[in-house]
Amino acid sequence: MAVKLNPDKEVVARIKEGLKQKGGYCPCRVARTPENKCICEEFKKQIADENFEGFCHCMLYYKSKD
């Protein structure tokens, strides 16, 4: 299992700028709650799922099964 940044550098730059503007909270979500602080709770659960492979909600991170 590996978690990596999206290989698309433009996407990464935009999401990181959004994170900076929102104080570390997911720029793709409205609520500023602990569950939405990057790395969000949703993606932490997906990381823990051995069968999950894919991007987090905002497309910043990718979890591979390898």
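Helices and strands are DSSP runs, of at least four and at least two residues respectively, numbered from the N terminus. The legends below describe a predicted model.

**Figure 1. The loop between strands E2 and E3, with Met59 at the centre of the view.** Strand E2 covers residues 54-55 and strand E3 covers residues 61-64, and Met59 lies in the loop that separates them. The backbone of Met59 has a phi near 75°, a positive value in a residue other than glycine. Most residues other than glycine have a negative phi. Met59 is partly exposed, because its relative accessible area is 36% and the partly exposed class runs between 20% and 50%.

**Figure 2. Overall fold of the protein chain, shown for orientation.** The protein chain contains 2 helices and 3 strands, which follow one another along the sequence in the pattern β-α-α-β-β. The radius of gyration is 12 Å, close to the 11 Å that the globule rule gives for 66 residues, so the chain is as compact as a globular protein of that length. Along the principal axes, the C-alpha atoms fill a box of roughly 35 × 25 × 10 Å. Of the 66 residues, 29% count as buried. Among contacts between residues at least 6 apart in sequence, 36% join residues at least 24 apart.

**Figure 3. The largest nonpolar core of the model.** This core is made up of 10 residues: Val12, Ile15, Leu19, Cys26, Cys40, Phe43, Phe52, Cys56, Cys58 and Leu60. Helix H1, residues 9-21, gives the most to the core, with 3 residues. In soluble globular proteins, nonpolar side chains tend to be buried together.

**Figure 4. Gly18 in helix H1.** Gly18 has a relative accessible area of 13% and is therefore buried, the limit for that class being under 20%. When neighbours within four places in sequence are left aside, Gly18 is in contact with Tyr25 and Pro27. Asp49 lies 31 residues from Gly18 along the chain, and the C-alpha atoms of the two residues are separated by 27 Å.

**Figure 5. Asn36 in the loop between H1 and H2.** The relative accessibility of Asn36 is 11%, so this residue counts as buried. Residues up to four places away in sequence not being counted, Asn36 touches Gly24, Tyr25, Cys26, Arg29 and Ala31. Cys26, one of these partners, is also a member of the largest nonpolar core.

**Figure 6. Ile39 and the cis peptide bond that precedes it.** Ile39 lies in the loop between H1 and helix H2, the latter formed by residues 41-48. The peptide bond from Cys38 to Ile39 is cis, with omega near -5°. Most peptide bonds are trans. Ile39 is partly exposed, with a relative accessible area of 26%. Apart from neighbours within four places in sequence, Ile39 is in contact with Lys44 and Tyr61. Ile39 and Cys26 are 13 residues apart in sequence, and their C-alpha atoms are 8.1 Å apart in space.

**Figure 7. Surface and charges of the protein chain.** The protein chain exposes about 4,500 Å², of which carbon and sulfur atoms supply 53%. The chain carries 13 positive and 10 negative charges, and the mean positions of these two sets are 6 Å apart.

Definitions and conventions: Residues numbered from 1 in each chain as written. Predicted model: local features only at pLDDT ≥ 70, side-chain atom pairs only at ≥ 80, totals over all residues. Heavy atoms only, no water. Rg over C-alpha atoms; globule rule 2.2 N^0.38 Å. Buried < 20%, exposed > 50% of the residue type's maximum accessible area, 1.4 Å probe, protein only. Contact = heavy atoms within 4.5 Å. Areas by Shrake-Rupley, 256 points an atom, 1.4 Å probe, with all protein chains shown as cover. Lys, Arg positive; Asp, Glu negative; His and termini not counted. Charge placed at Lys NZ, Arg CZ, Asp CG, Glu CD. Core = buried A, V, L, I, M, F, W, Y, C linked by side-chain atoms within 4.5 Å.
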